Amino acid sequence: MIIKIVCPKCETIHHIDSAQIPDNGTYGRCSKCQNSFLIKKEVQKPEQVTASDKKKQTGAKQTSVKSEKEGKTQNASQQHILRKVERGQVAAAIFDFFVIAFLFQTFGAFICAAGGTLLAKVKLPIGQILSFFLVFLYHQFYAKEILFCSAGERMAGCRIIGNRKEWTSPFSCSRWLLFIILFMLLLYPLNAFEAMEQTGDWKLIPVIGRTVFAGIFIVSVWRIALGYFKWSVAVCLLLSLHIGADILTYMPASGELAFITIENNLFSMSFLILVLLFYDKNKLPDEEDADALITDAQRMTLKKIATALVLLVFMMCLLFNGWNIYWYHQGNARMDRGDSESAVEAYTRALKLKPHDTDAYIKRGKAWSKKGNFDQAVADFTTALELKPHNASVYVKRGKAWYGKGDFGRAIADFTTALELKPHKAAVYVNRGRAWDGKGRSERAIADFTRALDINPYDADTYMYRGIVWDKKGDFDQAVSDFNNALSINPYDPDIYYNRGLTWENKGDSERAEEDFNKSELLRQTR
C-alpha cells in the first residue's frame, strides 16, 4: 500500500510504501528540507496516487489533523536535536582538524618536493599545530555566527536551511560509534607523508600519488558519514591497495613489516564492515537514497565474515605480539639483574617473533656491549638504524661499541652524526673527545671536552678526562687544575685521586703523588 506523508515543516508530500514502516513507527527525512519527523502506520491513511486536483485537496485536509499531531512530536524532536548541537560541533571540529591538517601537510610535502629545505627542517607536524589553532578559532567564535558549513560540519550532519543552520542525521540511533571508526580511518591520510618525513626523501611523483590516495580516502569517509555506504567499497579497495604496496615494499626485507601492515588494515576493514552493518539496519528511509538497504540474510552473512576476520586478526596479534612483549620484558629484567648473557637469549627470542622490533635490537646491542662482544653489538645497532634512521641515541651506542673495539675513527664518525642530529649534548662531546684521545689527537680531544664543559660545567668526569689529556701533553699544571676542579665536584671518586697522583709523579712531586695514591686506595676499600 502506498501512503501519503506530508512534511510538517515545508509541507512537501511524499509517497511511501507502508510495508517499509515498522509497526512501532520510524523517523523519516524530508528530501527537500532534510527535516526528520516521526512516521506511524496508525496515523496514516492509505490512498491511491492520482493526478486529480480534487483528491489532492481531500488528501491535504486528511493530513492536516496528522500534521498537528506530528507537529507536537516534531517540536519535541527539535528540542532533542538542539541538545545534540554541541556534541555535533565536537565531531565536526575533529573532522575539520583531519581535513585541514591533511591540506597543510600536502602543501608542505609539495614545497619539500620542490626543494624547500627550510620547511623540511621545520618538520610537517607544524601543520597540525596550525590546523588545531584554525579549527579551534572557527568553531569557538564563528561557527554559530555565519551561514557557512565547513567540511567537518557537513560530515557531522549540519545543513543550511533557510537562514539558519540545522543538525540532521540519516540514522535513528547515535552516530558516535560510526564517528569513532571514521576518526580512526582518517589517520591514514593524516600520516600519508610520514615515511617521507622520516627519510627526508621527497620526490614529486610519490607526493602526487599519496595526495591522490589520501584525497579519495577523505571523500569516501565523508560520504560514509552521510550514510552512503557504497562508498565504503572505495575505502576497502584503497586499504587493499595499501596492503599490496607495503607487501611489495617490505616483504623482501622483512615479512614481519608486511604482516603488521596487513594486520592493521584488516582490523580497519573488519570494524568498518561491522559498524556499517549496524548503522545500515538503523538507517532512516529516504526515497532519494541511492544505496538500497541490504536484506537481513545478507547482513547476517556479512556480519559473520567480519566477526571472523576480527577474531582471526586478534589471534594473530596475540600470537606474534604477545610473546614478543613477554620475552622483551624478560630481557629487561635480566639486564637489571646484571645477567647480560641470558638477556641476549631473551631478546633473541623476542626478535624471532617480531624481526622489525627496533627497541629489541637496541637492547640486545647493549647486552652484547656489556658482555664485551662489540662485533655483535655493532651489528645490532646497525640493524636498528636501518629500521629507524636518524636516531641519535643509537649512533651514540654504536660509537661506544666502536670505541670498545678500538676503532676510534668509526667511533668519531658515529658521535659526529649524533651531534648533527642532536647538537648541544655534552655526553656525546665527552665520548668523541675520548675517541680523539684514543686516536692521539689531543688538541681535538681537549676542544671536545671544553665544549662539553661549556654545556655542563658540573661534570667531574669531563674535568678528569681533560686532565688526563693535559698530562699526556706534558702540561701538568693544567692537568692538576682540572683534577682539582673535578674533586671540588666529586671529592669521593678514587679515579680522580689516582690520576692526579700520576700527574704529581710525572711532575716529580713524589710526596703529593703518594698522598693521592693512598686516598685513592682508601676510597676503593670503603666503596
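Is D509 buried, partly exposed or exposed, and what is its relative accessible area? D509 is partly exposed, with a relative accessible area of 24%. The legends below describe close-up views of a predicted model.

**Figure 1. The salt bridge between R512 and D509.** The side chains of R512 and D509 meet in a salt bridge, with an N to O distance of 3.6 Å. R512 is partly exposed, at 43% relative accessibility. D509 falls in the partly exposed class because its relative accessible area of 24% lies between the limits of 20% and 50%. Across the whole structure, a search finds 15 salt bridges.

**Figure 2. The salt bridge between D448 and R432.** The closest N and O atoms of D448 and R432 are 2.8 Å apart, and the two residues form a salt bridge. This pair links distant parts of the chain: D448 belongs to helix α19 (residues 442-455) and R432 to helix α18 (residues 426-438), with their positions 16 residues apart in sequence. Both D448 and R432 are buried.

**Figure 3. The salt bridge between D437 and K472.** D437 forms a salt bridge with K472, in which the closest N and O atoms are 3.1 Å apart. Distant parts of the chain are again linked, as D437 lies in helix α18 and K472 in helix α20 (residues 460-473), 35 residues apart. K472 counts as exposed because its relative accessible area is 56%, and the class begins over 50%.

**Figure 4. Spans annotated as TPR repeats.** An unreviewed UniProt entry carries the annotation "repeat: TPR" for residues 324-357, 358-391, 392-425, 426-459 and 460-493. Two of these spans are described here. Residues 426-459 are 79% helix and 0% strand, and the end C-alpha atoms of this span lie 9 Å apart. In residues 460-493 the chain is 82% helix and 0% strand, with end C-alpha atoms 9 Å apart.

**Figure 5. The largest nonpolar core and a second, separate core.** The largest nonpolar core holds 53 residues, of which F381, V394, F415, A418, V428 and I496 touch the most other members. Leaving aside residues up to four places away in sequence, V428 touches V396, F415, A418 and L419. A second, separate core has 42 residues, including A92, F98, L182 and I224. In soluble globular proteins, nonpolar side chains tend to be buried together.

**Figure 6. Positive phi at H390 and H424.** Most residues other than glycine have a negative phi. H390, which is not a glycine, has a positive phi near 65°. The position of H390 is in the loop between α15 (374-387) and α16 (392-405), and H390 is partly exposed at 45% relative accessibility. H424 is likewise not a glycine, and its phi is positive at about 65°. The loop between α17 (408-421) and α18 contains H424. H424 is exposed, with a relative accessible area of 54%.

**Figure 7. The protein chain as context for the close-up views.** The secondary structure of the protein chain comprises 23 helices and six strands. Of its 527 residues, 43% count as buried. Among contacts between residues at least 6 apart in sequence, 55% join residues at least 24 apart. The accessible surface of the protein chain amounts to about 28500 Å², and 58% of this surface belongs to carbon and sulfur atoms.

Methods. Residues are numbered from 1 along each chain as its sequence is written. This is a predicted model: local features need pLDDT of at least 70, side-chain atom pairs count only at pLDDT 80 or more; totals for chains, interfaces and linings use all residues. Side-chain values use heavy atoms; hydrogens and water are left out. A salt bridge is a side-chain nitrogen of Lys or Arg within 4 Å of a carboxyl oxygen of Asp or Glu. Helices (H or I, at least four residues) and strands (E, at least two) are DSSP runs, numbered from the N terminus. Buried means under 20% relative accessible area, exposed over 50%, partly exposed in between (1.4 Å probe, protein chains only). UniProt positions are given in the numbering used here, feature names are shortened, and annotations may be inferred rather than shown by experiment. A nonpolar core is a set of buried Ala, Val, Leu, Ile, Met, Phe, Trp, Tyr and Cys residues joined through side-chain atoms within 4.5 Å. Contact means heavy atoms within 4.5 Å. Accessible areas come from the Shrake-Rupley method with a 1.4 Å probe; for residues, only the protein chains shown count as cover.
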